[in-house]
Amino acid sequence: MFQTTVFEENRHDLAALADLAQRQGAMAFNVFFLVCTGRGVTQTDLGSESYEEVLREIVQLQQIHPGLKIRARCAPYMRRVQGLQAGQSSEGFADWSSACLAGRRYFRITAQGQITPCPYIPDVAGDLRRESLATIWETHPVFHRLRNEVPTGKCGKCDYRYSCGGCRARALARYGDVMAEDPKCDYVTPQEFAAEAPAAVASSSLVAWQPEAEQRLQRIPAFVRAFVKARVEQHAVQQGMTLITAEFLAARRPAVLPTIERRPQ
């Protein structure tokens with residue numbers, strides 16, 4: 001796996017890096033976009049126009065290197081660049097890049113056992129030395145806000161507010177509110193368009209769960225269990241099934257589990 005953070009100084013090297021990654025047999029090339037928090041505030045970040053140009057280049061590089069997953073990280077605007085609304089996918093795009101995951105399918109555990117929504121959001125939601133991860137994940141207000149609220153400002157009015165929604169860490173760094181608008185994006189919403197809230201991935205009323213499958217589901221970590229359940233039900237509905245068995249769950253679990261990344265503090 002190749003990884004790099006893109007700056008103005010190296011943005012024109014991405015094509016060469018993608019070529020190198022492919023020659024070395026890498027499965028993925030992750031392009032991280034700087035989030036100006038912590039020591040990142042002293043770095044040379046991309047301007048909004050350059051940001052958009054690099055995202056379009058990543059789309060082109062993925063087409064040139066179909067066997068290499070070239071992923072934009074900390075770049076929720078990629079879904080807008082691809083024209084993808086919530087729940088939509090294009091050529092596997094939804095499988096490897098998405099809107100901001102902070103507090104929804106992603107969190108950080110510091111070396112001291114503290115929980116934050118992502119490495120770039122310093123707000124501590126809990127301490128594993130004092131309470132369980134499940135309690136923190138399911139009850140802390142910041143996680144509820146990130147999952148249930150629509151961002152304010154231009155992000156809340158955007159036609160991609162459910163698909164992209166902006167970077168919550170950048171919003172916090174600029175305005176002191178994790179649900180404020182993302183200051184990096186200059187996209188202007190067409191006046192005639194209005195985004196609709198996404199429908200549920202699958203209705204649980206359409207399928208039942210075999211008791212053994214339900215027991216297996218409960219062993220999946222709480223912070224991804226609802227996501228896994230919805231995706232498994234979606235697969236079942238697509239195949240015309242009305243009962244999810246333990247075998248069906250086991251066969252599909254690796255494909256539906258989100259990636260859990262570990263980063264140094």
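Select Val-31 to start: this residue stands opposite Ala-72 in strand 3, where strands (E, at least two residues) and helices (H or I, at least four) are DSSP runs numbered from the N terminus. The model is predicted, so local features need pLDDT of at least 70 and side-chain atom pairs count only at pLDDT 80 or more, while totals for chains, interfaces and linings use all residues. Residues are numbered from 1 along each chain as its sequence is written, and side-chain values use heavy atoms, with hydrogens and water left out.

**The parallel strands**

Now widen the selection to residues 28-33, which make up strand 2, and to residues 69-73. Strand 2 and strand 3 pair in the parallel sense over 5 bridges, and two strands are said to pair if DSSP finds at least two bridges between them. Strand 3 is mostly covered, since 4 of its 5 residues are buried, a word that means under 20% relative accessible area, as against exposed for over 50% and partly exposed for values in between, computed with a 1.4 Å probe on protein chains only.

Add strand 1, residues 2-6, which runs parallel to strand 2 and is joined to strand 2 by 5 bridges. To see one of the matched positions, select Gln-3, whose bridge partner in strand 2 is Asn-30. With helix 1 (residues 14-23) also shown, strand 1, helix 1 and strand 2 make a right-handed β-α-β unit; a crossover is called right-handed if, with the strands pointing away from the viewer, the path from the first strand over the helix to the second runs clockwise.

**Two loops beside these elements**

In the loop between helix 1 and strand 2, select Gln-24, which is exposed, with a relative accessible area of 56%. The C-alpha atoms of Gln-24 and Phe-2 are separated by 9.5 Å, although the two residues are 22 residues apart along the chain.

Move next to His-65, in the loop between helix 2 and strand 3. Is His-65 buried or exposed? His-65 is buried, with a relative accessible area of 4%, and, leaving aside residues up to four places away in sequence, His-65 touches Ala-18, Asp-19, Gln-22 and Ile-70, where contact means heavy atoms within 4.5 Å.

**Helix 2 and the nonpolar cores**

Select residues 48-64 to bring up helix 2, which has 17 residues and reaches 25 Å from its first C-alpha to its last, close to the 24 Å expected at 1.5 Å a residue; the expected span is 1.5 Å times one less than the number of residues. The buried residues of helix 2 include Tyr-51, Glu-52, Val-54, Leu-55 and Ile-58.

Which residues have the most contacts inside the largest nonpolar core? They are Phe-29, Val-31, Phe-33, Leu-55, Ile-58 and Ile-70, in a core of 25 residues, a nonpolar core being a set of buried Ala, Val, Leu, Ile, Met, Phe, Trp, Tyr and Cys residues joined through side-chain atoms within 4.5 Å. Helix 1, strand 2, helix 2 and strand 3 each supply at least two residues of this core, and the largest share, 6 residues, comes from helix 2.

Select Phe-33 to look inside this core: among the residues that Phe-33 touches, not counting those up to four places away in sequence, are Val-6, Leu-46, Tyr-51, Val-54, Leu-55, Ile-58, Ala-72 and Arg-170. A second, separate core of 19 residues includes Cys-100, Tyr-106, Ile-121 and Cys-167.

**Arg-80**

Go on to helix 3, residues 78-81, and select Arg-80, which is buried, with a relative accessible area of 10%. A polar contact of 2.5 Å joins the side chains of Arg-80 and Glu-52; such a contact is a pair of N or O atoms within 3.5 Å, where, within protein, one must be able to donate a hydrogen and the other to accept it, and residues adjacent in sequence count only if both atoms are side-chain atoms. Beyond residues up to four places away in sequence, Arg-80 touches Glu-52, Tyr-160, Cys-185 and Tyr-187.

**The antiparallel sheet**

Turn to the open sheet of 3 strands in the order 4-5-6, where the pairing is antiparallel. Its edge strands, each pairing on one side only, are strand 4 (108-109) and strand 6 (126-127). Strand 5, residues 114-116, pairs with strand 6 over 2 bridges, and Gln-114 stands opposite Asp-127 in strand 6.

**Last stop and the whole view**

Finally, select Glu-214 in helix 9, residues 211-218; Glu-214 is partly exposed, with a relative accessible area of 30%. Glu-214 and Ala-246 are 32 residues apart in sequence and 7.8 Å apart in space, C-alpha to C-alpha. Zooming out, the protein has 11 helices and 8 strands, and 43% of its 265 residues count as buried.
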